[in-house]
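Subject: Structure handover

Hello,

Here is the structure for you to open. My notes on it follow below.

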Amino acid sequence: MKLPLQFAIRYFFSKKSTNAINILSWISVGAIVVGTAALIIVLSVFNGFEGLIKSLYSNFYPEVIVQVREGKRFTVSAAQWQQINSLQGISVVSRTLTENALLRHAESTQTIVVLKGVDENFNKISDVEQHLDQGSYLLKQGNESYGVFGIGVAASLGVRGDQGVLPVAVYVPGKTFNSMNPEDAFHSGLLYPAGVFAIQQEFDNNYVLTDIGFVRSLLDAGDAVSALEIKLSAPDEEEKVIAGLQQIMGPAFKVENRYQQNKSLYMVMQTEKWAVYVILSFILVIAAFNMIGTLSMLVLDKQKDIAILKALGTTPAFIQKIFLLEGGFIAAMGGAAGLLLGTIILGLQKAFGLIKLGGSSFVVDAYPVAFNGLDYLLVALTVLCIGIVAAWFPARKAARFELELRTMLQ
């Protein structure tokens with residue numbers, strides 16, 4: 001392997017009989033550099049968006065959630081509650097109750113929201129308080145119930161996160177419907193705005209947080225809950241905790257981690273990333289066609305060298321290996337330069353945010369990037385494989401040049 005590699009490196013850097021071959025060789029390297037840099041940059045940007053979205057969702061979704069498979073609400077017995085809280089690996093358990101509701105403010109504006117009642121432990125699980133845009137995180141004070149509104153909901157209703165303003169009327173569906181008096185089909189209550197949070201558009205435009213007791217009284221739900229939201233003491237305890245919770249709650253309940261709660265979102269992100277990887281890999285395939293032409297011209301240029309090597313007793317496999325390594329060397333050099341160029345661009349983007357996102361509605365100003373060692377390995381292997389496959393055809397042609405070369409030497 002050492003001797004063929006020496007030939008391959010010498011053939012690349014040595015002067016050819018036709019100057020066009022030298023130019024085409026460097027064009028092949030340049031094309032691979034551009035394709036490799038583009039591939040690692042785009043994959044790293046996807047990683048950045050994926051990490052950003054996951055962090056945004058982790059501000060609202062718990063690490064583990066327990067919900068009933070059929071129906072909307074359930075009750076937890078005292079024995080189950082004791083078993084759950086004594087389960088190793090659990091840090092905090094929060095009870096939540098969720099229902100669609102109609103909100104009306106000042107008799108002029110109204111909107112439909114997801115009203116989420118939470119207990120005192122919810123703030124230890126979510127990061128809503130760290131994302132307050134106005135006001136404070138207050139759900140109950142004395143006999144009054146307060147709400148923390150998503151910024152989109154607050155804008156729709158024209159409310160601010162300041163205590164003491166006009167309350168918001170809350171309407172939820174009742175259990176019966178009276179056609180003579182439709183208003184009897186709804187239960188209502190008053191909610192005072194206390195704060196406004198801004199996390200992510202899906203939550204900002206739909207959710208209002210309040211005390212779970214307020215929602216229970218509206219729904220006449222007793223001690224019912226919609227979910228148990230759980231924070232783990234350590235990430236590596238997840239599988240054990242999920243198995244323990246499933247055993248405690250039984251088959252009528254589903255216990256999901258953060259990935260399972262947003263499975264479709266994560267699948268879409270991964271599908272998009274791999275689709276872009278395949279599309280951008282075609283840039284490298286196009287560069288490989290240029291490499292095929294370059295190596296074919298190199299084979300023609302080195303016919304005399306091939307004849308001498310065969311006269312010295314080298315096998316067709318040896319000749320073929322030289323040009324395979326030539327293609328691998330071109331791919332490796334272009335791939336390494338492309339990865340270096342891509343890393344420099346990504347480093348500058350991460351440090352200075354050179355390329356900005358259009359508009360001002362997103363949570364970051366510039367395209368986010370995240371380095372992933374597996375992506376670097378994948379891109380390197382892709383470039384190397386494409387280079388070797390592209391070199392296969394001219395290498396086979398060089399190995400089969402036996403008859404023509406003998407005639408040329410006579």
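Start with Lys302. At 9% relative accessibility, Lys302 counts as buried. (Buried means under 20% relative accessible area, exposed over 50%, and partly exposed in between, with a 1.4 Å probe and protein chains only.) Lys302 sits in the loop between α10 and α11 (303-311). Helices here are DSSP runs of H or I with at least four residues, strands are runs of E with at least two, and both are numbered from the N terminus. Beyond its neighbours within four places in sequence, Lys302 is in contact with Tyr11, Ser14 and Lys15. Contact means heavy atoms within 4.5 Å.

Two points on how to read this. The model is predicted, so local features need pLDDT of at least 70 and side-chain atom pairs count only at pLDDT 80 or more, while totals for chains, interfaces and linings use all residues. Residues are numbered from 1 along each chain as its sequence is written, and side-chain values use heavy atoms, with hydrogens and water left out.

**Cores**

The largest nonpolar core has 42 residues. Leu103, Leu115, Phe149, Val170 and Leu245 have the most contacts inside it. A nonpolar core is a set of buried Ala, Val, Leu, Ile, Met, Phe, Trp, Tyr and Cys residues joined through side-chain atoms within 4.5 Å. Take Val170 from that group. Leaving aside neighbours within four places in sequence, Val170 is in contact with ten residues' worth of surroundings listed here: Ala101, Leu102, Leu103, Leu115, His187, Ser188, Gly189, Leu191, Phe214 and Leu218. A second, separate core has 40 residues, including Tyr11, Ala288, Phe318 and Ala395. In soluble globular proteins, nonpolar side chains tend to be buried together.**Cavity and pocket**

How many cavities of 30 Å³ or more are there? The count comes to one. On a 1 Å grid over the protein atoms alone, a cavity is a set of points where a 1.4 Å probe fits but cannot get out, and a pocket is an open set with protein on both sides within 12 Å along at least five of seven lines; lining residues have an atom within 4 Å of a point. Grid points are joined across faces, edges and corners, and a volume is the space filled by probe spheres set on the points.

The largest cavity has a volume of about 40 Å³. Its lining is Ile32, Leu284, Ala287, Ala288, Met291, Ala331, Val383, Ile386 and Gly387. Helices α10 (263-301) and α13 (373-399) each supply at least two of these residues. The largest share, four residues, comes from α10. By class, the cavity lining is eight nonpolar, one polar and no charged. (Ala, Val, Leu, Ile, Met, Phe, Trp, Tyr, Cys and Pro count as nonpolar, Asp, Glu, Lys and Arg as charged, and the others, Gly among them, as polar.) Ala288 lines this cavity and also belongs to the second core.

The largest pocket has a volume of about 390 Å³. It is lined by 17 residues. Gln67, Thr98, Tyr207, Ser226 and Ala227 lie nearest its centre. Strands β1 (64-68), β2 (90-105) and β10 (227-232) give two or more residues each to the pocket lining. Strand β2 gives the most, with four. The pocket lining has seven nonpolar, six polar and four charged residues.

**Two residues in β2**

Glu99 lies in strand β2. Is Glu99 buried or exposed? Glu99 is buried, because its relative accessible area is 9%. Its side chain makes a polar contact with the side chain of Lys72 at 2.9 Å. It makes another with the side chain of Arg73 at 3.3 Å. A polar contact is a pair of N or O atoms within 3.5 Å; within protein, one must be able to donate a hydrogen and the other to accept it, and residues adjacent in sequence count only if both atoms are side-chain atoms. Not counting residues up to four places away in sequence, Glu99 touches Lys72, Arg73, Val113, Val114, Leu115 and Leu219.

Ser91 is also in β2. Ser91 counts as partly exposed, at 43% relative accessibility. Outside its neighbours within four places in sequence, Ser91 is in contact with Lys231, Leu232 and Ser233. Ser91 and Ile125 are 34 residues apart in sequence and 9.2 Å apart in space, C-alpha to C-alpha.

**Two more to look at**

Asp220 has a positive phi of about 50 degrees, although it is not a glycine. Asp220 sits in the loop between α7 (212-219) and β10. Asp220 is exposed, with a relative accessible area of 56%.

Ala8 is in helix α1 (residues 2-13). At 0% relative accessibility, Ala8 counts as buried. Ala8 touches Ile322, Leu325 and Glu326, not counting residues up to four places away in sequence. Ala8 and Gln270 are 262 residues apart in sequence and 39 Å apart in space, C-alpha to C-alpha.

Best wishes
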